[in-house]
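I opened this notebook to record what I looked up in the structure. The entries go from whole chains to single residues.

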Amino acid sequence: MRLKAILIPLLIVITAAFLGSGYAIHSLRSTKQEYTIQNACWRVNKKMDLQDSHQRALVAMIGLFALRESEVLYFVASEDSEGRPLDAQYDYVLEGLEMDARYWSYTLYGADFFLVKNEANKFGFNMDNVQYDEAPAHEEYPSNRKKTYTIQISSTPKTHNWLPSSKEGQFHINLRMYNPEKSVYENLDSISLPTIRRIEQ
Amino acid sequence: MKRLATYVLLGIATSVLAYYLTILYLPNAIYAGLSYRLQQSRGVASNELIYVDLPTDTSRNVVMPNPDFLYIACFYDVSECPQRITGTMPDATYWSLAFYQPNTVNWYIKNDRQFGTPQLDVTISKAGDRSMESSSEIAYSPVDKGFMLIRILVTDNAPERLAAYKALQASVRLEDVCE
């Protein structure tokens, strides 16, 4: 009887602690936070000082040792432009423009936010190694016109700007902008960001 | 009935407490886990620099590594002595020095343009130790123990270029500056 009087509260405390912690982690991942801005299929944190405990916990889980927004903007896409989760069983085409930043790059991460194993040992593209689309015949890109590019996301090899995904599972694309222009900060919700289009099989 | 109500209240109170403690201390727990893993698997000591190669799929210590960066990491400890970081960095491409608290808050970030020189020379000291004199820039740490991360951008990883970047990475040193 005495053992029961100890065991039952103990079990309740352990179970409740697991439930409380589990719900905290689930809610961090699933709840849209007030410091997040959505621009098409991309999410970005407008503030990264991590003074908010929820944001600090979330960033520790999915972006440990991230830098402040004054240095880098991290745009994350977990869905395609139609709002469907990015799923490695499909191929995707990412189409974008040059970014107004000192350095920018795209990196593909698996559902666990680590780089994905692939035969090409290729994990992303940046402003220097992406192949830009060719200018129309007999034309050159005017200096004020941004160059465009197309990145093919697929688990099977492609000839042009192939960004390998794993064979299955959800994945994320991270667009980093280091030292972006002022205009980017001022228009986080409206700057032109790439589209991610699913190729129907 | 009274006992059942007590159990229900106990369950609710515990889960609410667990929720808030998780939110509050998850970053510290993740940081402590990383520190423990590196100390166990690689025998990394405090104030020892870790020279990290370009990340690949086998890089599993920190989420979302940038495959374009060489990193230099260190769990710094300035409780006994300030620590001086020196080295030669790239002169035309991005690099930066950042410090973090154990709750993962980034308390210092400075990049190549802000330094204005490829010669890295920064001393980390305790926040209260304002009497220190140094020829290098002093970064006053709000905590005795924290994390340092140097990022060196490598946009061209052709073997000869990568070797040059790695030579710069290897030039970084950390030393005690006890008086």
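The entries below concern a predicted model.

**Entry 1. Chain A, secondary structure and extent**

I began with the secondary structure of chain A and found 3 helices and 10 strands. Following the sequence from its start, I noted the order α-β-β-α-β-β-β-β-β-β-β-α-β.

I then looked up how far the chain extends. The C-alpha trace of chain A covers about 90 × 40 × 30 Å along its principal axes. I recorded a radius of gyration of 21 Å for chain A, whereas a compact globule of 201 residues would be near 17 Å.

**Entry 2. Chain A, domains**

I looked up the division of chain A into domains. Domain 1 covers 1-31 and domain 2 covers 77-199. Taken over C-alpha atoms, the centres of domain 1 of chain A and domain 2 of chain A are separated by 42 Å.

**Entry 3. Chain A, burial, contacts, surface and charge**

I noted that 47% of the 201 residues of chain A count as buried. For contacts in chain A with a separation of 6 or more, I found that 68% come from residues 24 or more positions apart.

The accessible surface of chain A is about 10,300 Å², and carbon and sulfur atoms hold 52% of this area. I also looked up the charges: chain A has 22 positive and 25 negative ones, and their mean positions lie 9 Å apart.

**Entry 4. Two residues of chain A with positive phi**

I next asked which loop of chain A holds Phe113(A). Phe113(A) sits between β5 (101-110) and β6 (124-126). This residue is not a glycine, yet its phi is positive, at about 65°. I then asked whether Phe113(A) is buried or exposed. Its relative accessibility is 7%, and because buried means under 20%, Phe113(A) counts as buried.

I made a like entry for Asn161(A), which lies in the loop between β7 (148-154) and β8 (162-164) of chain A. Asn161(A) is not a glycine either, and I recorded a positive phi of about 40° for it. With a relative accessible area of 4%, Asn161(A) is buried.

**Entry 5. Chain B, secondary structure and extent**

I turned to chain B and found 3 helices and 9 strands. Along the sequence, these elements of chain B run α-β-β-β-β-β-α-β-β-β-α-β. The radius of gyration of chain B is 21 Å, well over the 16 Å that the globule rule gives for 179 residues, so I noted chain B as more spread out than a compact globule. Its C-alpha trace spans about 75 × 45 × 30 Å along the principal axes.

**Entry 6. Chain B, domains**

I looked up the domains of chain B: domain 1 is 1-43 and domain 2 is 50-176. I recorded that 8 residues from domain 1 of chain B and 10 residues from domain 2 of chain B take part in the contact. The centres of domain 1 of chain B and domain 2 of chain B, over C-alpha atoms, are 32 Å apart.

**Entry 7. Chain B, burial, contacts, surface and charge**

Of the 179 residues in chain B, 49% are buried. Residues 24 or more positions apart make up 67% of the contacts in chain B with a separation of 6 or more.

I noted an exposed area of about 8,700 Å² for chain B, with 55% supplied by carbon and sulfur atoms. Chain B carries 15 positive and 18 negative side chains, and I recorded 12 Å between the centres of the two sets.

**Entry 8. Ala45(B)**

I located Ala45(B) in the loop between α1 (2-42) and β1 of chain B. Its relative accessible area is 37%, and I entered Ala45(B) as partly exposed. Ala45(B) and Asp77(B) are 32 residues apart along the chain, and their C-alpha atoms are separated by 9.9 Å.

**Entry 9. Pro67(B)**

I found Pro67(B) in the loop between β1 (50-52) and β2 (69-77) of chain B. I asked which residues are in contact with Pro67(B), leaving aside its neighbours within four places in sequence. From chain A these are Thr107(A), Tyr109(A), Leu115(A) and Phe123(A), and from chain B they are Leu54(B) and Pro55(B).

Pro67(B) has a relative accessible area of 13% and is buried. Lastly, I looked up Pro67(B) and Val154(B), which are 87 residues apart along the chain, and recorded 8.8 Å between their C-alpha atoms.

Definitions and conventions
Residues are numbered from 1 along each chain as its sequence is written. Chains are lettered from A and ligands numbered from 1 in the order in which they are written. This is a predicted model: local features need pLDDT of at least 70, side-chain atom pairs count only at pLDDT 80 or more; totals for chains, interfaces and linings use all residues. Side-chain values use heavy atoms; hydrogens and water are left out. Helices (H or I, at least four residues) and strands (E, at least two) are DSSP runs, numbered from the N terminus. The radius of gyration is taken over C-alpha atoms; the globule rule is 2.2 Å times the number of residues to the power 0.38. Buried means under 20% relative accessible area, exposed over 50%, partly exposed in between (1.4 Å probe, protein chains only). Contact means heavy atoms within 4.5 Å. Accessible areas come from the Shrake-Rupley method with a 1.4 Å probe; for residues, only the protein chains shown count as cover. Lys and Arg count as positive and Asp and Glu as negative; His and the chain ends are not counted. The place of a charge is taken as NZ of Lys, CZ of Arg, CG of Asp or CD of Glu. Domain bounds come from an automatic or database domain assignment.
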